[in-house]
Amino acid sequence: MSAGRWVSTSMPYLTPREGGRGDAWSADAAAQGRRGTQRILHAGEVQAPAEVARLLGIQDDEPVVVRRRLILLDDEPNELTDTYYPASVARGTALAGTAKIPGGAVTLLARLGHVGALVREDVTAGLPHEEEQRALRIAPTEPVLRLTRLTLDRDDRPFQVDRMVLPSHRQQLRYEIRIG
């Protein structure tokens, strides 16, 4: 791994944190001797984008709560993430606000009765849109990875969609799958 490349695994971001303290990103970065922070760029209700509505199993015109975050590694942009929740799950909770959530969103969701049992991730590559170029401080010709993660509960009900944009030259995605 090169000094500037980040190795990302999904598991730390899918399970509630015991004691509800800290957040997975800061802990993951610290474990690798780095500093992980984030800025909430927007939080609140919006009309669901078509792909998000389809993944959540809701109508296109239904509201969802979105949290748009710029994820920083050692004070440099590392990822742009939009996380969407059905309004019925997130309306009136800390998910709809810009304040930091103790223990992170996954911990809050678990307290609200929404625990992930199945996660589906799709990864594609492409060129960044203008807004992504500015936020991630990359050139229009620098490819990005687009990771879409759908989280479902034990009854196969979707309750969270993450759409992440990551500069490909700064990332390595690692998947570990235990069979049996």
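## The sheet

In this predicted model, six strands line up as an open sheet, running β2-β3-β4-β7-β6-β5, with antiparallel pairing. The edges belong to β2 (36-47) and β5 (118-126): each has a single partner strand, so one side of each goes without a neighbour in the sheet. Going from one strand to the next, the twist averages 15 degrees.

Let's zoom in on one pair. Strand β3 covers residues 63-73 and strand β4 covers residues 76-86, and the two are paired in the antiparallel sense over ten bridges. Within that pairing, Arg67 has Thr83 in β4 as its bridge partner.

## Thr83, a busy spot on β4

Thr83 sits in strand β4. Is Thr83 buried or exposed? Its relative accessibility is 1%, so Thr83 counts as buried, the cut-off being under 20%.

The side chain of Thr83 has polar company. One polar contact, at 3.0 Å, links it to the side chain of Arg69, and another, at 2.6 Å, links it to the side chain of Asp162. Setting aside residues up to four places away in sequence, Thr83 touches Val65, Val66, Arg67, Arg69, Gln160, Val161 and Asp162. So the list takes in Arg67, the bridge partner of Thr83, along with both of the polar partners, Arg69 and Asp162.

## Two nonpolar cores

Which residues make up the largest nonpolar core? There are twelve: Ala48, Val52, Ala53, Leu55, Leu56, Ile58, Val64, Val66, Tyr84, Leu150, Leu152 and Val161. Two or more of these residues come from each of α2 (50-56), β3 and β6 (144-152). Helix α2 is the top contributor, giving four residues. In soluble globular proteins, nonpolar side chains tend to be buried together.

There is also a second, separate core, with nine residues, among them Val65, Ala90, Leu95 and Ile101. Back in the largest core, Ala48 makes a handy example of who meets whom. Leaving out neighbours within four places in sequence, Ala48 is in contact with Ala53, Ile58, Asp60, Glu62 and Val64. Of those, Ala53, Ile58 and Val64 are also listed in the core, while Asp60 and Glu62 are charged residues that Ala48 touches as well.

## Salt bridges

How many salt bridges are there? The count comes to twelve. One of them joins Arg35 and Asp75, whose closest N and O atoms are 2.4 Å apart. Arg35 is in the loop between α1 (24-31) and β2, and Asp75 is in the loop between β3 and β4, so this pair ties together parts that lie 40 residues apart in sequence. Both ends are partly exposed: Arg35 has a relative accessible area of 43%, and Asp75 has 44%.

Another salt bridge stays within a helix. Glu130 pairs with Arg134, with the closest N and O atoms 4.0 Å apart. The two are four residues apart in helix α5 (residues 130-136), so about one helical turn separates them. Glu130 counts as exposed at 59% relative accessibility, and Arg134 is exposed too, with a relative accessible area of 58%.

Then there's Asp153 with Arg157, where the closest N and O atoms are 3.0 Å apart. Here Asp153 counts as buried, at 8% relative accessibility, whereas Arg157 is partly exposed, with a relative accessible area of 48%. Beyond single pairs, Arg68, Asp82 and Glu131 are joined into one network by salt bridges that share partners.

## His114 in its loop

Where is His114? Look in the loop between α4 (105-111) and β5, the latter being one of the edge strands. His114 is partly exposed, and its relative accessible area is 22%.

What does His114 touch, not counting residues up to four places away in sequence? The contacts are Val89, Leu109 and Phe159. Phe159 is 45 residues away from His114 along the chain, yet the C-alpha atoms of the two are separated by 7.3 Å.

Technical notes. Residues are numbered from 1 along each chain as its sequence is written. This is a predicted model: local features need pLDDT of at least 70, side-chain atom pairs count only at pLDDT 80 or more; totals for chains, interfaces and linings use all residues. Side-chain values use heavy atoms; hydrogens and water are left out. Two strands pair if DSSP finds at least two bridges between them. Axes are lines fitted to C-alpha atoms, for helices over the stretch in contact, and angles run from 0 to 180 degrees between N-to-C directions. A nonpolar core is a set of buried Ala, Val, Leu, Ile, Met, Phe, Trp, Tyr and Cys residues joined through side-chain atoms within 4.5 Å. Buried means under 20% relative accessible area, exposed over 50%, partly exposed in between (1.4 Å probe, protein chains only). Contact means heavy atoms within 4.5 Å. A salt bridge is a side-chain nitrogen of Lys or Arg within 4 Å of a carboxyl oxygen of Asp or Glu. A polar contact is a pair of N or O atoms within 3.5 Å; within protein, one must be able to donate a hydrogen and the other to accept it, and residues adjacent in sequence count only if both atoms are side-chain atoms.
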